[in-house]
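Q: Please take a close look at one part of this structure. Start with a single loop residue, then move out to the helices and the core.

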Amino acid sequence: MALAPSAKGSVPFREHRTWYRVTGDLKSGKPVVVAVHGGPGSTHDYLLNLAELSAQGWPVVHYDQIGNGGSTHLPDRGEDFWTVQLFLDELDNLLGALGISDNYVLFGQSWGGLLAAKHAAGRPAGLRGLVVANAPASYPLWLQEAKVLRDRLPLEVNDTLLRHEAAGTTDSQEYFNAMMPFYLRHVCRMDPWPRDFMASFMEVYNDPTVYRTMNGPSEFHVIGTLKDWGVTDCIDRIAVPTLLITGAHDEATPATVQPYADLIPDVRWEILENSSHMPHLEEPEKFLEVLSSYLHRIH
């Protein structure tokens with residue numbers, strides 16, 4: 001089956017705008033799959049192949065969270081503006097504006113997985129299912145496991161990273177170069193990186209406001225406002241069937257994901273053996289099979 005046609009637009013959010021893309025028919029009767037991207041401060045681009053679900057009749061919504069991509073950029077706002085609640089409110093606003101808040105599934109990847117889990121813990125009436133992909137249950141767990149993974153890097157690589165982190169020179173080319181061995185092991189193992197992933201990567205690079213404020217300079221050096229945040233205190237309230245997806249080489253290691261498996265009442269966990277943090281790109285056929293099976297089970 002062919003992909004359904006797509007439409008793009010934006011909706012007002014407070015005095016700003018949220019960019020979105022719809023693939024398929026929102027009124028088909030099937031739950032709408034809403035893709036909540038990572039970062040924070042990334043864009044929808046690297047999740048674009050989720051639109052392939054439309055060939056099976058599942059309508060798909062992508063959107064760019066405020067601060068990046070096609071949504072309003074606000075490079076002058078400080079950490080008091082960039083809060084978890086801001087992004088929860090934006091998601092609620094989008095669901096209402098598109099008229100899908102009564103029948104939807106959330107697919108949250110990385111940071112988007114925590115955001116989607118926090119949303120689901122509020123038990124919204126129209127939520128039919130939750131997919132948490134490659135997401136830790138808390139940033140303290142993420143940092144704990146990042147150290148484990150970093151310690152396995154070549155000694156000179158980690159020494160370079162630590163030296164720049166201590167000196168506050170994480171914007172240097174040397175730091176960027178030293179990041180790459182970790183990224184190639186635990187973020188995306190494809191060579192070269194796919195165009196969709198590069199598009200999101202460059203969007204963060206072009207406007208790092210949100211990523212640097214909330215996360216920090218790299219995936220494994222989280223010194224932003226999220227460093228002590230997580231969802232372990234609320235995920236036991238999630239009342240919809242939940243699918244966990246991770247890669248065997250994921251920076252979201254099993255220890256970071258285990259609280260979801262332990263605390264969510266109706267949960268299933270799939271680990272893709274040849275993937276790291278991007279199984280939807282690294283093993284697209286297996287990934288689509290796992291996700292399609294889950295969607296058919298809940299509908």
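A: G230 sits in the loop that runs between α7 (209-215) and β7 (242-247). The model is a predicted one. G230 has a relative accessible area of 17%. Buried means under 20%, so G230 counts as buried. What does G230 touch, leaving aside its neighbours within four places in sequence? Its contacts are L114, A137 and S138. L88 lies 142 residues away from G230 along the chain, and 14 Å separates their C-alpha atoms.

Now the helix pair. L88 belongs to the α1 side of a contact with α2. Helix α1 covers residues 84-97, and helix α2 covers residues 111-121. Their axes are 10 Å apart and meet at an angle of about 70°. The two helices are therefore roughly perpendicular to each other. From α1, the contact uses V84, F87, L88, L91, D92 and L95. From α2, it uses W111, L115, K118 and H119. By class, that contact has seven nonpolar, two charged and one polar residue.

F87 and W111 also appear in the largest nonpolar core, which has 53 residues. Both are among the residues with the most contacts inside that core, as are V34, W82, L106, I238 and Y260. A second, separate core has 42 residues, including V105, V204, L243 and L272.

I238 deserves its own entry. Not counting residues up to four places away in sequence, I238 touches A117, A120, A121, L130, I264 and P265.

Technical notes
Residues numbered from 1 in each chain as written. Predicted model: local features only at pLDDT ≥ 70, side-chain atom pairs only at ≥ 80, totals over all residues. Heavy atoms only, no water. Core = buried A, V, L, I, M, F, W, Y, C linked by side-chain atoms within 4.5 Å. Buried < 20%, exposed > 50% of the residue type's maximum accessible area, 1.4 Å probe, protein only. Contact = heavy atoms within 4.5 Å. Helix = DSSP H or I, 4+ residues; strand = E, 2+ residues; numbered from the N terminus. Axes fitted to C-alpha atoms, helices over the stretch in contact; angles between N-to-C directions. Parallel < 35°, antiparallel > 145°, perpendicular 65-115°, else oblique. Nonpolar A, V, L, I, M, F, W, Y, C, P; charged D, E, K, R; others polar.
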